[in-house]
Each structure stands twice: as structure tokens, then as C-alpha cells.
Amino acid sequence: MSTVVYEQREVRRARYAVAAVFAVHGAVTGSFATRVPWIQDHAGVSAGQLGLALAFPALGASVAMPLAGSVSHRFGARTALRGLLALWTLALVLPALAPNLLTLCLALFVYGASAGMSDVAMNALGVEVENRLDKSIMSGLHGMWSAGALIGSAGGTLAAHLGSDARLHHALAAAVLTLTGLVACTWVLDLQPAEDEEPPPRFALPPRSAVLIGAVGFCAVFAEGASLDWSAVYLRDQLDSSAGLAAACTTGFTLTMALARLAGDRVVDRFGAVRTVRVSGVLATLGGLLIVVGGHPAVAMTGFALVGLGIAVVVPLCFAAAGRAGSNPSLAIAGVATITYTSGLVAPSAIGGLAQATSLVVSFGLVTVLACCLVVFAKVLRAGDRDRPKISPSNAGVPGRQS
């Protein structure tokens, strides 16, 4: 078998392996989210205190994500991902063990820090696989994350329905997901730094290219966070819908995002990142307008579905563009991830604060404006567009080299 054929088979195998890693990462999030009410009762915290505690995962992620590059440089991409993913899956058990607000905040900080570092590591490897295959796969990888989140939430819903103790549920889930992640990491690309490559700084400000790309991701994640956390409230309070219909709206939004991500790679390969994001921005803007001016539950639900469809592929394309925008992909990806995590942190509270001062209609007017920004600033993703250079065996090891 020729070396080129062997390398192609290895890269294809790595694609499926990193897809499994994305699914495991998402399953942890889904498993945690469904047991938040149990965790709140166990820790004895109020709704306001819970809101404070739930800010700590994003804080932990923002602090820790710049460390991912130095960890990968020191241990190699495969070993780093194996360790960081195991930290993330095992951190699932911590929140359910917390007996009070302080320990819950500390547990969620560690939970978020391990989530952020493993997120950067797996996205960096996903970008490298995409480069070597010379076709878009990042949207599908993030679709696998959404699928994993749905599986994790389904398991959590069943556990909650059976009245299971979340400590037992999360311990079992962590064991299964840790084992699955360790097996999947066996076949991801084992990138090692070049002998003359300088180690990245432990903490560094994101490069300018990452800031511009991250701004696009900020708009998309803001719309995602606002829709996930406030769509049901919008239908219930603004349009006087039933609780069941309001919940169905959030479910519909999540499903459109997952399906669009799973199908998005073919669209990106055909039309390129810039045109895809411009059209996505148009769809999201149209969805925002339907939410704001529709005045009927069916119209608003259609609007939220369009927002989900429109923003689904934006963040995967931001990571892909960051991975090609400079000489240090891990640092650029960490910068974009930090900006998008920050957006996810501020979006729910910003929407709530603006709604308190004005109304939810005005809040989603802001979401519509940010969706429109996707159309205007899509060109900054040109680094991840289809005009990238072809990958050949002679340069297949850039960045890094495979052992």
C-alpha cells in the first residue's frame, strides 16, 4: 500500500474519531443541563443564586482556554486531547456533589475550564483534518456535538423521570463517556510540534484576525443563547402561548440547528464560507423580523426556526477560519472560542436586562440587528473559504508534524 493511500485512510479514520469526540463533548453538556433542577435543590440555592452559579462555567472556560495551546504543544495533540477530554467528562460529577452555593460555583468553574480546554483541542484537530481532506467538515462535527447533546439530554430526561439521584446518574454517565472518549482519541491525528517551533505563551491575547472572526461568532452565539434561554419565555409571556407550545418552540430551534449543522458541509463546499454565512445571516435576520413583528405563536416559532437554521454553521466556520488565519492555529482558535463563550455568558442576562427596561420585543430586535451583522461582516471568514490551498502529501503536516 502506498504512503499516500495509507495517509488518506488514516485521515478518514481520524475524521470519524474526532466526530465521536465532539459527540462525547456534547453528551456531557446535555447530561448536565437536564439535572440542573436536582442540583439546585441539592445545593439549596435560590433562582437568583443559581443564575450566579451558572455564570461560572463560562468564566472558567474563558480563563482556561488560552492554556490549551501550550498543553497541546507540550504533550502532543492526541495525548492532550485524551487528557483534557477525560477531565471534562469526569468533571460532570462535580456539580451534583456540591452542598452549597460556594462549592457549586467552584465545581462549575472547574467544569467550565475543562470544557473550554477540551473544546479548543478538539476544534484544532477538526480543522487539521479538514485541511488534509480539503473539504468542509467543521459544520458536521458541530452537528455531532448537537447530536451528542440531544442524546445526553434524553438520558438525563429519563433519569429525572425515574427520580434517579443525579450523583449516581452523572457518575455512570461520566464513566461511560470517559471510556468512549479515551477509545475515540486513539485514532485522532497525533500532531507534534516541529523541533524548531517555539512553545506558545501560557496566556496571550488573541491575534487581531481571531478578534475579527470572533466578532462574527459573537453575533451568532448571542442569537443562539438568546433563543435557547428566552424563546419559551417569549411565546409564553409575549404571545400568551401554553407551556407545551413554548417548550416545543425551543425544541424546534434546537433541532433546526442540529440538522443544519449535519447538512451544512455540502453547502459550504459548494458555495464557500463567505457566501454561506451571508445567506445564513439573511435567514437569521428574516427569522428575527418574524419574531419581532409576527404577533402570532406560529409566526414566532417559524422565526425561531429560521434563526436556528441561519446561525447553525456560523460558529463552525469561525473555528475553521481561525485555524487558517495565522501561524498559530491553537492560539487563534482559543481566541475565537473565548469570544464566543463570552457571548454565551452575556447574552441571556443582556436579553433579560433589556427586556426588564423595555420589552422582549425590543430584546429580540437587538438579536435581529446582530443577525444582520453576519451579512455585513461575513467577508472576514475568507480565510476559511474554499479558495484555501490544496493539501498535498508534502505539506500535509502543517501545522505541526505527525509522529
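This is a short talk on the largest pocket, the salt bridges and a nonpolar surface patch of this structure. Please keep in mind throughout that we are looking at a predicted model.

Let me begin with the pocket. The largest pocket has a volume of about 2,100 Å³, and of the 49 residues that line it, the closest to its centre are Thr-29, Trp-145, Glu-224, Leu-228 and Asp-229. If we sort that lining by class, we find 28 nonpolar residues, 17 polar residues and 4 charged residues. Which helix gives the largest share of the lining? That is helix α16, spanning residues 329-357, which contributes 7 residues.

Staying with helix α16 for a moment, I would like to point out Ala-337, which is found in this helix. Ala-337 has a relative accessible area of 0%, so it counts as buried. If you follow the chain from Val-120 to Ala-337, the two are 217 residues apart in sequence, and yet in space their C-alpha atoms are 7.0 Å apart.

A second pair of this kind involves helix α11, residues 208-238, in which Ala-223 lies. Ala-223 is buried as well, because its relative accessible area, 3%, is under the 20% cut-off. The partner to look at here is Ala-347, which is 124 residues from Ala-223 in sequence but 7.7 Å from it in space, again from C-alpha to C-alpha.

Now to the charged side chains. A search of the whole structure finds 4 salt bridges, and I will go through three of them, starting with Glu-130 and Arg-324, whose closest N and O atoms are 2.3 Å apart. This pair links distant parts of the chain, since Glu-130 sits in helix α8 and Arg-324 in helix α15, residues 314-324, with the two positions 194 residues apart in sequence. Are these two residues buried or exposed? Glu-130 has a relative accessible area of 3% and is therefore buried, and Arg-324, at 18%, also counts as buried because the cut-off is under 20%.

The other two salt bridges on my list have partly exposed partners. Arg-167 forms a salt bridge with Asp-165, with the closest N and O atoms 2.8 Å apart; Arg-167 is partly exposed at 38% relative accessibility, and Asp-165 is partly exposed at 26%. The side chains of Asp-237 and Arg-236 likewise meet in a salt bridge, at 2.8 Å from N to O. Here Asp-237 has a relative accessibility of 47% and Arg-236 has 44%, so both count as partly exposed, a class that runs from 20% to 50%.

Finally, let me turn to the surface. Leu-59, Val-63, Leu-94, Leu-97, Phe-109 and Val-110 together make a nonpolar surface patch of about 450 Å². Where along the chain does this patch come from? Helix α4 (56-64), helix α7 (94-97) and helix α8 (101-133) each supply at least two of its residues. Take Leu-94 as one of them: this residue is found in helix α7, and Leu-94 is partly exposed, with a relative accessible area of 31%. That value matters for the patch, because patch residues must have over 30% relative accessible area, and Leu-94 at 31% meets that cut-off.

To close, helix α8 is a useful place to look on the model, as it supplies residues to the nonpolar patch and also carries Glu-130, the partner of Arg-324.

Notes
Residues numbered from 1 in each chain as written. Predicted model: local features only at pLDDT ≥ 70, side-chain atom pairs only at ≥ 80, totals over all residues. Heavy atoms only, no water. Patch = residues over 30% accessible without salt bridge, like charges linked within 9 Å, V, L, I, M, F, W, Y side chains within 5 Å. Areas by Shrake-Rupley, 256 points an atom, 1.4 Å probe, with all protein chains shown as cover. Helix = DSSP H or I, 4+ residues; strand = E, 2+ residues; numbered from the N terminus. Buried < 20%, exposed > 50% of the residue type's maximum accessible area, 1.4 Å probe, protein only. 1 Å grid on protein atoms, 1.4 Å probe; cavity = no way out; pocket = protein on both sides within 12 Å on 5 of 7 lines; lining within 4 Å. Points joined across faces, edges and corners; volume = space filled by probe spheres on them. Nonpolar A, V, L, I, M, F, W, Y, C, P; charged D, E, K, R; others polar.
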